[in-house]
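Q: Hi! I've just opened this one and I'm new to it. Could you walk me through it?

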Amino acid sequence: MDLLNLFLSVWWFSCFIAPIQHVGSVSQEITCYTCSNKTTNFDCNRYAVDRPCFPDQTLCYTKHIMDEYGETTLLSKSCATKEQCNHRTVGCYLLANHPINMKCISCCDIPYCNREIPTNETNAILLLERQDSNKGL
């Protein structure tokens, strides 16, 4: 039974703890939650495709559209380039074609950093924590 516990401990560590140790590294590779046209953050994260981003996609992107009551009407998450995520593109905005709905966009640069969704100007931000992502933005 001790051998089984050791195996399970090593497996658990390699699957869940070891990948977290790379947070803050300067590696170009990043993995983000990805989903399209979901209505809950739970569904988006639960069924997200777990695949590293392309080399030019060094950021995680989240677009959250809410109705006048703050309820999610549309949620999309993806990998993104520096051109898609910058200080001009992130934040919260009223939709021109539906002025009672709000769109909030956030971007970040560490693996799985787009777990949560932006809901206001406080968390709809461009969060850069890796040294290599700060260059050129």
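**A first walk through the model**

Q: Let me start with a cysteine: is C53 buried or exposed?

A: C53 is buried, because its relative accessibility is 10% and the cut-off for buried is under 20%. Keep in mind as we go that this is a predicted model.

Q: OK, and which residue is C53 joined to?

A: C53 forms a disulfide with C79, with 1.9 Å from S to S. C79 also counts as buried, at 11% relative accessibility.

Q: Where do C53 and C79 sit along the chain?

A: C53 is in the loop between α2 (41-46) and β2, while C79 is in strand β3 (residues 72-80). The two are 26 residues apart in sequence, so the pair ties together separate parts of the chain.

Q: What about the handedness of that disulfide?

A: It is left-handed, because the torsion about the S-S bond of C53 and C79 is about -70 degrees.

Q: How many disulfides are there?

A: The count comes to 6 disulfides. If you number the bonded cysteines along the chain, the pattern reads 1-5, 2-3, 4-6, 7-10, 8-9, 11-12.

Q: Show me another one. Which cysteine pairs with C32?

A: That would be C60, and the sulfur atoms of C32 and C60 are 2.0 Å apart. This link is left-handed, with -85 degrees about the S-S bond.

Q: Which parts does that pair tie together?

A: C32 lies in the loop between α1 and β1 (35-38), and C60 lies in strand β2, so the pair ties together parts that are 28 residues apart in sequence. C32 is buried at 0% relative accessibility, and C60 is buried with a relative accessible area of 0%.

Q: Which disulfide here is right-handed?

A: One of that kind is the link of C108 and C113, with 95 degrees about the S-S bond. Its sulfurs are 2.0 Å apart. C108 is buried, with a relative accessible area of 6%, whereas C113 is partly exposed at 23%.

Q: Switching topic. Which residues make up the largest nonpolar core?

A: There are 8 residues in it: L59, Y61, A80, C85, V90, I105, C107 and L126. Strands β2 and β5 each supply at least two residues of this core. In soluble globular proteins, nonpolar side chains tend to be buried together.

Q: What does C107 touch?

A: Setting aside neighbours within four places in sequence, C107 is in contact with C60, Y61, C85, V90, I125, L126 and L127. Apart from the core that C107 belongs to lies another one of 6 residues, among them I30, C32, C60 and C79. You've met some of these names already: C32 and C60 form a disulfide.

Q: And T62, is that buried or exposed?

A: T62 is buried, with a relative accessible area of 0%. T62 lies in strand β2. Beyond its neighbours within four places in sequence, its contacts include L75, C104, I105, N114 and P118.

Q: Now the strands. How do β4 and β5 run?

A: Strand β4 (residues 91-95) and strand β5 (residues 98-108) run antiparallel, with 5 bridges joining them. A hairpin of 2 residues connects β4 to β5, and Y93 has K103 in β5 as its bridge partner.

Q: What else is in β4?

A: C92 is found there, and it counts as buried at 12% relative accessibility. Leaving out residues up to four places away in sequence, C92 touches M102, K103, C104, T119, N120, E121 and A124. C92 and E121 are 29 residues apart in sequence, yet 5.9 Å apart in space, C-alpha to C-alpha.

Q: Last thing: which element has the lowest mean pLDDT, and which the highest?

A: Helix α1 (residues 2-17) has the lowest mean pLDDT, at 44, and strand β2 (residues 59-66) has the highest, at 97. Over residues 5-26 the pLDDT is below 50, and that stretch has 11 contacts in the model beyond near neighbours in sequence. Where pLDDT is low, the predicted coordinates should not be read in detail.

Q: And what is the average for the protein?

A: The average pLDDT is 81, and 74% of the residues score at least 70.

Terms used
Residues numbered from 1 in each chain as written. Predicted model: local features only at pLDDT ≥ 70, side-chain atom pairs only at ≥ 80, totals over all residues. Heavy atoms only, no water. Pairing = 2+ DSSP bridges. Helix = DSSP H or I, 4+ residues; strand = E, 2+ residues; numbered from the N terminus. pLDDT = per-residue confidence, 0-100. Contact = heavy atoms within 4.5 Å. Buried < 20%, exposed > 50% of the residue type's maximum accessible area, 1.4 Å probe, protein only. Core = buried A, V, L, I, M, F, W, Y, C linked by side-chain atoms within 4.5 Å. Disulfide = S-S within 2.5 Å.
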